Number of protein chains: 2
Amino acid sequence: MPDAESHDGRPGRTPLSFAAIADAAIRLADHGGMHAVSMRKVAAELGSGTMSLYRYVANKEQLYALMCDTVLAAEPAPARSGDWRADLRALAESERAVYRRHPWMLDSISPLGPGGIARVENSLALLAPTGLAMDDIVGVLGMVSSTVHAAIRHEMSVADLHRSTGMDVHEWHAAHSGDIKGLQGGEFPMVARMIAETGRVDHDAAFHRSLAIVLDGVAALIARTGAG
Amino acid sequence: MPDAESHDGRPGRTPLSFAAIADAAIRLADHGGMHAVSMRKVAAELGSGTMSLYRYVANKEQLYALMCDTVLAAEPAPARSGDWRADLRALAESERAVYRRHPWMLDSISPLGPGGIARVENSLALLAPTGLAMDDIVGVLGMVSSTVHAAIRHEMSVADLHRSTGMDVHEWHAAHSGDIKGLQGGEFPMVARMIAETGRVDHDAAFHRSLAIVLDGVAALIARTGAG
DNA sequence: CGCGCCCCGATACGGTGTACGCACCGCCGA
DNA sequence: TCGGCGGTGCGTACACCGTATCGGGGCGCG
């Protein structure tokens with residue numbers, strides 16, 4: 001038999017592996033969201049049978065974890081300069097870039113796997129010189145992450161709104177302000193003001209504003225710790 | 001026919017209404033998570049036919065929005081004292097209490113409805129005296145919310161871990177640190193230190209630590225704005 | 001009393017995650 | 001050389017999901 005490569009079937013492509021499965025699933029999720037990822041679809045994408053995937057992952061949750069870990073492993077940790085503020089900012093930007101490319105990673109939280117650990121190590125190390133206690137370091141990193149999450153989540157919800165209704169936020173507010181009684185009559189003046197004053201949404205600006213708040217808070221924490 | 005109330009059937013209970021549907025769905029979600037909420041289950045809970053729900057909500061997403069709005073409407077906005085820092089803290093605590101009672105509200109973001117608007121008005125008003133621009137106010141509130149979200153999400157993931165494996169975080173780390181090559185060999189010293197130094201998880205303390213960072217950041221923003 | 005309208009919900013369809021068990025292949029001991 | 005065997009791929013089946021469709025039955029009105 002001149003069959004050069006293994007035994008596997010006609011219709012298939014790659015011989016099925018963690019990497020191949022993760023790549024196919026990520027490809028599907030990247031355009032179509034997690035909604036577009038199903039065991040059948042992933043299997044179809046690689047030309048294999050649905051149940052074959054279960055030889056590699058125990059269930060869909062593990063597939064999701066595999067996807068996340070694969071993404072994290074591919075993303076290099078940002079370089080460190082020694083200036084915690086600059087490094088934290090770079091970390092946040094890098095994380096934001098990742099989530100923007102793979103918004104489905106916000107759908108759920110998966111535990112830290114082998115691929116993400118280098119990034120975590122890098123993040124922790126970045127704050128070591130500040131002299132903060134480990135609890136504080138972890139807390140700070142959590143805050144930075146949640147800032148990124150919130151920004152992306154908001155950005156995506158605006159994008160979804162636009163995709164599904166064709167309206168931008170302003171138009172949507174105008175269309176729906178009538179639904180809520182008491183909005184016209186000045187019962188909610190601040191909300192009315194917010195709607196009126198909100199111009200074009202600038203996601204970058206909003207993100208950097210939020211990040212600045214966090215970084216200032218961290219600076220205060222470091223100052224307090226060092227001084228105390 | 002001595003049937004006193006309308007025409008509807010034997011097995012049913014309440015005559016079906018927005019409130020009844022929302023309450024039933026919330027009841028299911030509160031213990032069992034969003035996973036336990038399906039059109040059939042909600043209908044069964046109120047003894048009606050599945051498709052009857054569609055007379056009140058167009059699809060499951062709208063049911064979810066209805067659930068969220070109902071919860072928000074029932075939760076009174078915290079009183080304001082005039083001290084933005086105290087008020088922001090109270091807002092965060094109140095929000096945290098809500099999400100703790102209804103963790104499924106973190107599963108997705110639903111647009112602001114009539115029930116939540118009073119709380120939003122209150123939150124915006126709370127920051128008006130600081131003299132911040134509307135964009136900054138919205139950004140600050142977003143940061144506070146995302147702090148709460150992150151804290152709850154983390155708390156829930158720890159609870160899930162415990163429920164599904166019976167381990168606490170420490171035991172889980174111990175059990176899985178072998179899976180990641182290079183963790184034993186000192187390749188990731190900070191991660192190793194984090195695992196070693198992490199004691200019992202104190203969610204309250206972690207939450208207040210994060211919140212303090214944000215509040216300090218907001219103070220810096222206000223000072224900068226006022227001074228500039 | 002009879003008719004038409006309208007609302008309720010049974011049924012059905014296409015999709016999902018996944019348990020089960022069979023077919024097949026390459027390896028290894030006899 | 002042959003026989004068995006472990007492991008992998010996957011066809012089939014089941015329970016459940018969201019929801020489109022449509023038939024039947026109760027009510028209001030003429």
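I began with the record: an unreviewed UniProt entry marks residues 38-57 of chain A as "DNA-binding region". I kept in mind that the model is predicted. I then looked up that span in the coordinates, and its end C-alpha atoms lie 13 Å apart, with 35% helix and 0% strand.

Next entry: DNA strand D. I found 19 residues around the strand, and the closest are A:Gly49, A:Met51, A:Ser52, A:Arg55 and B:Arg40. By class, I noted seven nonpolar, seven polar and five charged residues on this surface. I also asked which element gives the largest share of the surface near DNA strand D. It is helix 2 (residues 39-45) of chain B, with three residues.

Then I checked what the protein touches. Sugar or phosphate accounts for 44% of the strand D atoms within 4 Å of the protein, and bases supply the rest. On the base side, I saw a polar side-chain atom of A:Arg55 at 2.7 Å from a base oxygen. On the phosphate side, a side-chain N or O atom of B:Lys41 sits 3.1 Å from a phosphate oxygen, while B:Lys60 uses a polar backbone atom, at 3.0 Å from a phosphate oxygen.

Last entry: helix 1 of chain B. I counted 13 residues in this helix (residues 18-30), reaching 18 Å from first C-alpha to last, close to the 18 Å expected. Its buried residues include B:Ile21, B:Ala25 and B:Leu28. I was glad to see where the buried residues go: they pack against helix 2 and helix 3 (60-74) of chain B. Just past the helix, I found B:Gly32 with a positive phi of about 135 degrees.

Note on methods. Residues numbered from 1 in each chain as written. Chains lettered and ligands numbered in written order. Predicted model: local features only at pLDDT ≥ 70, side-chain atom pairs only at ≥ 80, totals over all residues. Heavy atoms only, no water. Near = heavy atom within 4 Å. Polar contact = N/O pair within 3.5 Å; in protein donor to acceptor, adjacent residues only side chain to side chain. Helix = DSSP H or I, 4+ residues; strand = E, 2+ residues; numbered from the N terminus. Nonpolar A, V, L, I, M, F, W, Y, C, P; charged D, E, K, R; others polar. UniProt positions renumbered as here; feature names shortened; annotations may be inferred. Expected span 1.5 Å × (residues − 1). Buried < 20%, exposed > 50% of the residue type's maximum accessible area, 1.4 Å probe, protein only. Contact = heavy atoms within 4.5 Å.
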